[in-house]
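Colleague: Could you take me through the reading of a model such as this one, feature by feature, giving the general idea before the particular case?

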Amino acid sequence: MLEIHYYFTPILDHLERFDQNDWHLHPIVTLPAAKELRDVEDLPKNVASLNACHDRLQKISLDYLTVTLYGRKQGRLFLLLLQDCLSEITVLEYTDQIRQKILKKLNIATSDFMEYRQFAKRHLSLDLKDFRKNDFHASPSSLVITDKECLHMEKCSHLALQDYLNQIEKTA
């Protein structure tokens with residue numbers, strides 16, 4: 001079994017269903033990612049749009065990290081449900097009501113959810129520090145750890161990484 005640390009930007013880096021390996025997902029929120037999101041969403045190239053995109057990326061990342069306190073599988077399901085929701089609306093339309101609908105599908109009470117928010121804020125900054133410590137410059141990036149080595153990959157999508165992992169496991 002492989003351990004995978006996957007650094008991604010929510011919304012910009014599309015995720016597929018997860019395989020049987022041990023996935024640790026780390027959301028990364030940076031100014032370049034907010035600029036990319038602004039451009040993808042075709043928003044005006046001004047500071048207000050940039051701030052709005054950064055705010056939404058941060059809010060979604062914090063929501064994801066808070067949900068992971070209920071388990072990594074719950075967190076991954078949150079991301080997949082979020083992607084489905086955002087296929088129908090823009091990222092700037094992500095509100096507390098949208099989050100509430102997703103939490104309801106996950107059977108998580110909002111009152112409990114809000115209690116863990118401070119932990120998620122600390123965790124988000126630690127993820128960014130680890131991202132930089134590993135000398136990554138762009139997302140998605142990953143560390144694939146085996147009992148013998150650690151593979152460092154940058155700009156490798158979730159689907160491409162899963163295909164690669166399947167090839168490794170077939171030849172092992």
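Modeller: What follows goes through the core, single buried residues, the largest pocket, the cysteines and the backbone.
This is a predicted model, in which local features need pLDDT of at least 70, side-chain atom pairs count only at pLDDT 80 or more, and totals for chains, interfaces and linings use all residues. Residues are numbered from 1 along each chain as its sequence is written, and side-chain values use heavy atoms, with hydrogens and water left out.

Colleague: Which residues of the largest nonpolar core touch the most other members?

Modeller: In soluble globular proteins, nonpolar side chains tend to be buried together. A nonpolar core here is a set of buried Ala, Val, Leu, Ile, Met, Phe, Trp, Tyr and Cys residues joined through side-chain atoms within 4.5 Å, where buried means under 20% relative accessible area, exposed over 50% and partly exposed in between, with a 1.4 Å probe and protein chains only. The largest such core has 42 residues, and those touching the most other members are I4, Y6, W23, L25, F78, I102 and L161. At least two residues of this core come from each of β1 (3-8), β2 (22-27), α1 (31-40), α2 (47-68), α3 (72-86), α4 (96-105), α6 (117-133) and α7 (158-171), and the largest share, eight residues, is that of α2. These elements are DSSP runs numbered from the N terminus, helices being H or I over at least four residues and strands E over at least two. Apart from this core lies another, of six residues, including I28, L128, F136 and L143.

Colleague: What does F78 touch, leaving out residues up to four places away in sequence?

Modeller: With contact taken as heavy atoms within 4.5 Å, and with that exclusion, F78 touches I60, D63, Y64, V67, Y94, I102 and L106.
L25, in strand β2, is buried at a relative accessible area of 7%, and beyond its neighbours within four places in sequence it is in contact with Y6, F8, F18, Y64, R76 and L79. The C-alpha atoms of L25 and L65 are separated by 9.2 Å, although the two residues are 40 residues apart along the chain.

Colleague: Is S142 buried or exposed, and which residues does S142 touch?

Modeller: S142, which is found in strand β3 (residues 141-145), is buried, with a relative accessible area of 0%. Residues up to four places away in sequence not being counted, S142 touches I4, H5, Y6, F136, L151, H152, M153 and L161. From S142 to H5 the C-alpha distance is 5.4 Å, while their separation in sequence is 137 residues.

Colleague: How should I read the largest pocket, and which residues lie nearest its centre?

Modeller: Rolling a probe the size of a water molecule over the atoms shows where empty space is left. On a 1 Å grid over the protein atoms alone, a cavity is a set of points where a 1.4 Å probe fits but cannot get out, whereas a pocket is an open set with protein on both sides within 12 Å along at least five of seven lines, and lining residues have an atom within 4 Å of a point. The largest pocket is lined by 16 residues, with T30, P32, H137, A138 and S139 nearest its centre, and α1 and α6 are the elements that give two or more residues to that lining.

Colleague: How many disulfides does a search of the whole structure find?

Modeller: A disulfide is a covalent bond between the sulfur atoms of two cysteines, and the criterion is a pair of cysteine sulfur atoms within 2.5 Å. The search of the whole structure finds zero disulfides. The sulfur of C85 is too far for a bond, because the closest cysteine sulfur, in C53, is 18 Å away. C85 is buried, at 16% relative accessible area. C156 is likewise in no disulfide, the nearest cysteine sulfur, that of C150, being 14 Å away, and C156 counts as buried at 12% relative accessibility.

Colleague: Where in the backbone is there a cis peptide bond, and which residue in the loop between α4 and α5 has a positive phi?

Modeller: Most residues other than glycine have a negative phi, and most peptide bonds are trans. Here a cis peptide bond joins S139 and P140, with omega about 0°, and P140 is found in the loop between α6 and β3. N107, although not a glycine, has a positive phi of about 60°; N107 lies in the loop between α4 and α5 (110-115) and counts as exposed at 73% relative accessibility. K155, also not a glycine, has a positive phi of about 60°, lies in the loop between β4 (150-154) and α7, and is exposed at 57% relative accessibility.
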